[in-house]
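The following paragraphs guide the reader through a single protein structure, from its overall organisation to selected local details. The reader is invited to keep the display in view throughout.

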Amino acid sequence: MELLEKQEVDQLIQHQTNPSVSIFISTHIAGKEVLENEDQHKLKAQWDKCRRKLEDQGLASHEIEKIGNPIQELINDEEFWRHQSHGLAIFAAEDFFEYHRLPIAFEDHTYISDHFYVRSLAPALSDEQKFYVLALQLGEVKLFEASEYSIAEIEVQDLVPSKLKDAVGYDYEEKHLQVRNQQQNDAGGSMFHGQGAGNREEKTEILTFFQAVDKGLQSFLHDKDIPLLVFCQDYLFPIYEEANSYQHLYEKPIKGNPNDVELMGLHEKAVETIMPYLKGKKRKKLEEYKESDPTMKNDVVHDILPFAFEGKIDTLFLENRAEIWGNFDEATQAVKLDDSDEANRISLMNLAARKVLEHSGTVYLIDSAFMPSKNAKMNAILRYS
């Protein structure tokens with residue numbers, strides 16, 4: 001499954017080519033919808049809609065084909081459709097093509113402009129909603145950056161020891177195999193490696209290893225304020241807690257062996273574990289809006305767009321399933337609303353989301369009943385007045 005990485009996100013936000021096509025559809029992981037090629041037909045219908053719009057805009061047929069050829073290849077790729085998530089996002093232009101299969105149930109829609117539509121991806125793009133996952137074993141250490149909708153591995157091999165024996169200075173497994181064999185002979189029973197720290201010396205060695213891991217991670221995490229979620233076997237987490245010096249270690253670990261799950265299974269377990277934290281962050285931001293001084297919040301689109309371009313917005317709330325159409329003149333900072341079907345109008349919600357994300361702000365998609373300012377489709381908490 002293709003997952004969002006920061007570099008790809010930056011390219012989508014910065015990309016400007018006319019025309020640029022964005023297509024979003026909901027997809028199915030399994031079931032009769034997959035057997036009956038429902039998602040393929042859906043993408044074909046959405047691309048046909050885009051093709052007609054491009055023809056209406058006067059684009060030459062060979063230019064349309066250049067944009068559409070990679071999309072058509074996906075439509076015809078039977079194997080591709082057997083490996084879907086809940087949503088498919090496609091971004092296509094004359095010299096650009098990218099798709100992402102994500103666990104977001106997109107509403108089917110298309111967007112054609114001189115930029116891509118990233119608003120639908122906003123929940124996966126904001127730093128406020130990100131967390132780290134440390135997959136911790138005595139024989140392997142991996143670090144991931146994740147959100148509710150994405151996960152990607154961070155290379156830390158040069159920062160941390162990969163195995164316990166690298167930290168304690170001798171072949172840990174060989175030594176403890178000898179100890180366990182002796183214990184088994186003495187007790188007449190069975191000993192299973194990996195079921196727990198068997199004695200004080202073994203725990204001390206694991207602690208030494210985890211201290212080395214923590215020290216290495218600090219060079220990467222020292223200026224971060226993002227939660228660190230640990231995925232490890234039960235008996236290891238208390239030892240890592242003792243070794244840890246990172247202030248934002250999440251109190252509840254993912255219990256189990258990281259070797260037992262693939263990447264998407266790891267992501268699913270991580271999201272399930274940390275969801276109370278993510279919901280709490282959103283709830284606090286909604287409460288912050290309501291309690292903020294009037295000079296530190298805004299619900300007027302004519303003010304919010306200039307603020308977004310200036311980098312003044314900390315948090316942007318956009319009403320889900322709503323849209324604001326029009327144009328924005330960056331030179332004069334003038335906003336013009338336009339509900340017509342003219343091709344040259346743009347999504348002002350998408351424009352605001354792009355600019356807030358460019359300036360490392362947070363964007364939430366909120367159902368209308370829960371918008372902090374009920375009479376507006378766009379609300380913002382400001383960094384400064």
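Among the contacts in the protein with a separation of 6 or more, 68% join residues that stand 24 or more positions apart. The model under discussion is predicted. Its secondary structure comprises 12 helices and 16 strands. Of the 385 residues in the protein, 49% are buried. The accessible surface amounts to about 19200 Å², and carbon and sulfur atoms account for 45% of that area.

The empty space associated with the protein may be considered next. Rolling a probe the size of a water molecule over the atoms reveals where such space remains. The largest pocket has a volume of about 1200 Å³. Its lining consists of 44 residues, and those nearest the centre of the pocket are His-109, Tyr-117, Arg-119, Ser-120 and Asn-320. Which elements supply at least two residues each to this lining? They are helix 3 (38-56), strand 4 (109-113), helix 10 (263-291) and strand 15 (362-366). Helix 10 makes the greatest contribution to the lining of the largest pocket, namely 6 residues. Sorted by class, the lining of this pocket contains 19 nonpolar, 18 charged and 7 polar residues.

Enclosed space is also present, in the form of 2 cavities of 30 Å³ or more. The largest cavity holds about 40 Å³ of space. Glu-33, Val-34, Asn-37, Glu-38, Asp-39, Gln-40 and Trp-81 form its lining. Two or more of these lining residues come from helix 2 (32-35), and two or more come from helix 3. Helix 3 provides the largest share of the lining of the largest cavity, with 3 residues. By class, this lining is made up of 3 charged, 2 polar and 2 nonpolar residues. Helix 3 thus contributes to the lining of the largest pocket and to that of the largest cavity.

Attention now turns to two loop residues. Ser-292 is situated in the loop between helix 10 and strand 10 (297-298). Is Ser-292 buried or exposed? Its relative accessible area is 16%, and Ser-292 is therefore classed as buried, the limit being under 20%. The side chain of Ser-292 reaches the backbone oxygen of Glu-288 at a distance of 2.5 Å.

Asn-244 occupies the loop between helix 9 (237-243) and strand 9 (254-255). Asn-244 likewise counts as buried, because its relative accessibility is 17%. When residues up to four places away in sequence are set aside, Asn-244 touches Asp-214 and Leu-249. The C-alpha atom of Asn-244 is 8.5 Å from that of Lys-215, although 29 residues separate the two along the chain. A polar atom of the Asn-244 side chain also lies 2.9 Å from the backbone oxygen of Tyr-246.

The final element to examine is helix 12, which spans residues 348-358. How many of its 11 residues are buried? The number is 10, and the helix is accordingly described as mostly covered. Those buried residues are Leu-348, Met-349, Asn-350, Leu-351, Ala-352, Ala-353, Arg-354, Lys-355, Val-356 and Leu-357. An α-helix has 3.6 residues a turn, so residues three or four places apart point the same way. Just after helix 12, Ser-360 adopts a positive phi of about 60°.

Key:
Residues are numbered from 1 along each chain as its sequence is written. This is a predicted model: local features need pLDDT of at least 70, side-chain atom pairs count only at pLDDT 80 or more; totals for chains, interfaces and linings use all residues. Side-chain values use heavy atoms; hydrogens and water are left out. On a 1 Å grid over the protein atoms alone, a cavity is a set of points where a 1.4 Å probe fits but cannot get out, and a pocket is an open set with protein on both sides within 12 Å along at least five of seven lines; lining residues have an atom within 4 Å of a point. Grid points are joined across faces, edges and corners, and a volume is the space filled by probe spheres set on the points. Helices (H or I, at least four residues) and strands (E, at least two) are DSSP runs, numbered from the N terminus. Ala, Val, Leu, Ile, Met, Phe, Trp, Tyr, Cys and Pro count as nonpolar, Asp, Glu, Lys and Arg as charged, and the others, Gly among them, as polar. Buried means under 20% relative accessible area, exposed over 50%, partly exposed in between (1.4 Å probe, protein chains only). Contact means heavy atoms within 4.5 Å. Accessible areas come from the Shrake-Rupley method with a 1.4 Å probe; for residues, only the protein chains shown count as cover. A polar contact is a pair of N or O atoms within 3.5 Å; within protein, one must be able to donate a hydrogen and the other to accept it, and residues adjacent in sequence count only if both atoms are side-chain atoms.
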